[in-house]
Amino acid sequence: MDAAPLHIAMYPWFAMGHLTPYLHLSNKLAITVPLVDGLPHDAETTSDVSSFSLFTLIATAMDRTEKDIELLLKELKPQFVFFDFQYWLPNLTRRLGIKSVQYLIVNPATSAYFGKGSRLIQGREFTEADLIEPPPGLPDSPIKLYAHELRFLTATRKLVFGSGVFFHDRLSMGTSSSDAIGFKGCREIDGPYVDYLEIVYGKPVLLSGPLLPEPTKSSLEEKWVTWLGRFKAGSVVYCAYGSESTLQQNQFQELLLGIELSGFPFLVALKPPSGFESIEEALPEGFKERVQERGIAYGGWVPQQLILGHPSIGCFITHCGAASITEALVNQCQLLLLPRVGSDHIMNARMMSTKLKVGVEVDKGEEDGLFTKESVCKAVKTVMDDENELGAQVRENHTKIRNLLLSKNLESSCLDTFCQKLQDLL
């Protein structure tokens, strides 16, 4: 007999990288964003505000929805609520007899490495030394963190993020008090970390499957088809750095110069660097004249899924956001990893480059975290060169992971198991 349908409400963090995976799984729970002093009147997600300092006001606005959410849940009467940053939701749902699932957009390895449950530090300040080594019992973790990353990650532990709550505590309190934890992923890749987290937190850890992007019904604009069609298969470097990521001018220019130095044709889609209105005014001197028709630096939106699927694309330089990583893995272009400084982006990069060996990470300075045009060029040539030993290994591993992700019934099998585990919680 078929299991009864599940009634689930979802309340993700108001950022596009979080909303999109939730939308892939189900429709989001819509709600009006409360007014907060300092937050622009029409701001509804982090993409609507200009700086990280305003993100905390989005968090404050979300915290102020608690009473509205309570009324909605009393009316909707779902069996489950999925959430990520709203640490107060499990206590609310418990009072209403509803189960809560903290559905995290980071991969299980990130939660296992950085989660509070794995590093209970009583009565003292959290230090960089606490993150140098993985927590006790973490399986198969060849992860190395660099000095500049350790400084950043330690500093975020002290970052107040909305309503007087530390950023890290928002996640850890939700993890500790939820009925279950959920991730986007599959056991074939994430299984050991899921088993570890179940032991650490003493609760079920669920995997919803890789949530592959749905095939798009639109087609690539003629201007991109025409331009990309000028180059042979697998020869074009595509670079995008996330819809909410902004580089400093020096790193913006080093990135462009490094791609230029590689000699390959390229399409770079970036936001203007900090302090600039347009991408054109920030270009390196003489850059446009030198690259001419071989390269495009574009400041507008591009249909990334369609671009990645074009046969001319051979390499994708990414900031290592979860959605971009998934889009790359199901296409044939090679991954070149240039992570933002953030726990999930860093761990995504290390998982891809060190654990799964399906991509190459751009070298950065140990202390300052800066990359150079030479390090960018070297990484591009590595993944684009069929004769390079590392590049060949990455290609082979990428093909294996791609075949796994696209294998028949993988997603449906994962979702069946996911739903069964939810039924078991009731």
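**Exercise 1. Which residue in E3 does Phe-80 stand opposite?**

This is a predicted model, in which local features need pLDDT of at least 70, side-chain atom pairs count only at pLDDT 80 or more, and totals for chains, interfaces and linings use all residues. Residues are numbered from 1 along each chain as its sequence is written, and side-chain values use heavy atoms, with hydrogens and water left out.

Step 1. Find the elements: helices (H or I, at least four residues) and strands (E, at least two) are DSSP runs, numbered from the N terminus. Strand E2 covers residues 80-83, and strand E3 covers residues 99-104.

Step 2. Check the pairing. E2 and E3 pair in the parallel sense over four bridges; two strands pair if DSSP finds at least two bridges between them.

Step 3. Read off the partner. Phe-80 stands opposite Lys-99 in E3.

**Exercise 2. Describe the surroundings of E2.**

Step 1. Take its side chains. Phe-80 and Phe-82 point one way, Val-81 and Phe-83 the other way. All are buried (under 20% relative accessible area; exposed is over 50%, partly exposed in between, with a 1.4 Å probe and protein chains only).

Step 2. Add strand E1 (residues 8-11). E1 pairs with E2 in the parallel sense, over four bridges. Tyr-11 stands opposite Phe-83.

Step 3. Add helix H4 (residues 89-95). E2, H4 and E3 make a right-handed β-α-β unit. Right-handed here means that, with the strands pointing away from the viewer, the path from the first strand over the helix to the second runs clockwise.

**Exercise 3. Work out how H11 and H16 pack.**

Step 1. Locate them. H11 covers residues 249-262 and H16 residues 373-384.

Step 2. Take angle and distance. The helices pack at about 45°, with their axes 7 Å apart. Axes are lines fitted to C-alpha atoms, for helices over the stretch in contact, and angles run from 0 to 180 degrees between N-to-C directions.

Step 3. Classify the angle. H11 and H16 are therefore oblique to each other: under 35 degrees counts as roughly parallel, over 145 as roughly antiparallel, 65 to 115 as roughly perpendicular and the rest as oblique.

Step 4. Name the residues. Among those making the contact are Leu-255 and Ile-259 of H11, and Val-376 and Val-380 of H16. Contact means heavy atoms within 4.5 Å.

**Exercise 4. Trace the six-stranded sheet.**

Step 1. Write the order. The open sheet runs E8-E7-E6-E9-E10-E11, with parallel pairing.

Step 2. Mark the edges. E8 (295-298) and E11 (359-361) each pair on one side only.

Step 3. Get the turn. Neighbouring strands are turned by 15° against each other on average, direction ignored.

Step 4. Place a helix. H15 (residues 343-355) packs on the sheet and touches E10 (334-337) and E11. The direction of H15 makes about 120° with that of E11.

Step 5. Zoom in on one pair. E6 (residues 236-240) and E7 (residues 266-269) pair over four bridges. Cys-239 stands opposite Val-268.

**Exercise 5. Is H14 largely enclosed or open?**

Step 1. Count. Six of the eight residues of H14 (residues 322-329) are buried, so this helix is largely enclosed by the rest of the structure.

Step 2. List the cover. The elements over the buried residues of H14 include H13, E9, E10, H15 and H17.

**Exercise 6. Place Leu-404.**

Step 1. Leu-404 lies in H17 (residues 389-405).

Step 2. At 22% relative accessibility, Leu-404 counts as partly exposed.

Step 3. Beyond neighbours within four places in sequence, Leu-404 contacts Glu-188, Ile-189 and Leu-410.
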